[in-house]
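Okay, thanks for squeezing me in. I'd like to talk about pockets today, so let me put the model up on the screen.

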Amino acid sequence: MKVLVVLTNVEKYADIKRPTGLWLSELTHFYDVLVKNEIKADFVSPNGGYVPLEPKSVIDMDDIDWTYYQDEDFRNHALGNTLRPDEVNPDDYAAIYYAGGHGTMWDFPGSEKLGEIASTIYRNNGIVSAVCHGVVGLLPVVDETGQSILTGRTVTGFSNEEEELNGTTDAVPFLTEDSLKEKGADYQAGKAFSEVVHVDGRLLTGQNPQSAQLLGKEVVSALTK
């Protein structure tokens, strides 16, 4: 049993000189749950190779973040040399997980190959999961009928309120919450920057960085039923 973890390659907001990338804890806190349950993972990004980190996410790292950030093998595989989509066989994975960070807003939705991988995993009765801005990776994912897996489903993701509190409403190409609603999802947000996870069948989503660990636990629970 393996999980495919999707990470961003984007290092900068498109129209302002502000760095971005992966929000580290959205990777480490989820991955830590997999490790503790002896579930293996591979790491992929839209272009493969290097994954930049959102600088703010490495300012206040906790023990879990440090454990993996100081692990050379983890850094090499998860951050330094991710797989390209064309190197991935979706039949090898029981689940896919999209980690967030603002960088995802620019490269996840337009990655047709990643969308096809996730769609295949879902059609194979696999789990599709995402957290925070990573949920925009779900926008191109479809079920066996070609319909968006978001339509009519209860999901969450980084809220418009959280984007405003973060001061980035005008810096992103679109709003995560709005994009989910436009696909016909039943978007549900909890209190800003609190732990919120929604499970709707084989579609599992978390609202923000604070939700990554709980989402990991829900994914493992779904995988081990």
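I'm going to start with the runner-up: the second largest pocket comes out at a volume of about 230 Å³. Keep in mind that this is a predicted model. Around that second largest pocket there are 17 lining residues, and nearest its centre you find W23, E26, F158, F193 and P209. What does the lining of the second largest pocket divide into? We get six nonpolar, seven polar and four charged residues.

Now for the largest pocket. Its volume is about 300 Å³, and 15 residues line it. Sitting nearest the centre of the largest pocket are Y31, A41, F43, D73 and H77. Which elements give two or more residues to that lining? Those are helix 1, running 24-36, strand 2 at 40-44, and helix 3 at 72-80. Strand 2 is the top contributor to the largest pocket, giving four residues. As for chemistry, the lining of the largest pocket has eight nonpolar residues, three polar ones and four charged ones.

So, if you're setting up grids, you've got the two linings side by side: six nonpolar and seven polar in the second largest pocket, eight nonpolar and three polar in the largest, with four charged in the former and four charged in the latter.

One bit of annotation to finish. UniProt, in an unreviewed entry, lists residues 25-221 as "domain: DJ-1/PfpI". In the model, that span is 34% helix and 13% strand, and the C-alpha atoms at its two ends are 20 Å apart. That's me done, thanks.

Methods
Residues numbered from 1 in each chain as written. Predicted model: local features only at pLDDT ≥ 70, side-chain atom pairs only at ≥ 80, totals over all residues. Heavy atoms only, no water. UniProt positions renumbered as here; feature names shortened; annotations may be inferred. 1 Å grid on protein atoms, 1.4 Å probe; cavity = no way out; pocket = protein on both sides within 12 Å on 5 of 7 lines; lining within 4 Å. Points joined across faces, edges and corners; volume = space filled by probe spheres on them. Nonpolar A, V, L, I, M, F, W, Y, C, P; charged D, E, K, R; others polar.
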